[in-house]
Amino acid sequence: MSEERMQILRMLEAGQIKAREAAELLAALEKPKPGPEPSTRGRWLRVRVTDLKSGKPKVSVNVPLGLMEIALRMGARFVPKDISLSPQEIMELIRSGHAGKIVDIEDEEDGERVEVYVE
């Protein structure tokens with residue numbers, strides 16, 4: 001079983017994604033593609049949601065950049081409503097070759113910090 005499939009199943013098992021989302025990710029892996037764009041090959045989108053008070057992670061998701069569109073749609077539910085950076089803008093940053101931290105938001109109302117990285 002591929003590393004990507006195992007990662008999706010681990011995320012499902014840990015409750016980080018729902019069964020429907022896991023099915024979408026697995027279906028996306030099945031679609032024949034000529035290969036990922038050179039800017040996404042061998043790279044990961046990492047999303048971290050941390051509790052501000054305890055510093056403990058609440059959500060930790062690692063997704064191959066080849067599946068970034070689906071991952072960003074799923075991760076959008078964790079982003080505070082007042083953020084000015086849209087999922088489309090994040091995808092453009094990734095496609096342009098950006099690496100490192102893309103999003104770093106502290107939502108004091110919900111007591112969470114959301115970080116999105118490309119590695």
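These legends describe an overview and three close-up views of one predicted chain.

**View 1. The whole chain, from helices to strands.** The chain holds 4 helices and 4 strands. Helices (H or I, at least four residues) and strands (E, at least two) are DSSP runs, numbered from the N terminus. Their order along the sequence is α-α-β-β-α-α-β-β. The chain has 119 residues, and 38% of them are buried (under 20% relative accessible area, with a 1.4 Å probe and protein chains only). About 7300 Å² is exposed by the chain, with 51% of it from carbon and sulfur atoms. These accessible areas come from the Shrake-Rupley method with a 1.4 Å probe.

**View 2. Strand E1 and its cover.** E1 spans residues 44-51. Of its 8 residues, 6 are buried, and the strand is mostly covered. In a regular strand, side chains alternate between the two faces of the sheet.

**View 3. The hairpin of E1 and E2.** E2 covers residues 57-64 and runs antiparallel to E1, with 7 bridges joining them. Strands count as paired if DSSP finds at least two bridges between them. Val49 has Val59 in E2 as its bridge partner. Between the two strands lie 5 residues. In this hairpin, Gly55 has a positive phi near 75°.

**View 4. E1 beside E4.** E4 takes in residues 112-118. E1 and E4 pair antiparallel over 7 bridges. Arg46 stands opposite Tyr117 in E4.

**Notes.** Residues are numbered from 1 along each chain as its sequence is written. In this predicted model, local features need pLDDT of at least 70, side-chain atom pairs count only at pLDDT 80 or more, and totals for chains, interfaces and linings use all residues, while side-chain values use heavy atoms and leave out hydrogens and water.

Conventions. Buried means under 20% relative accessible area, exposed over 50%, partly exposed in between (1.4 Å probe, protein chains only).
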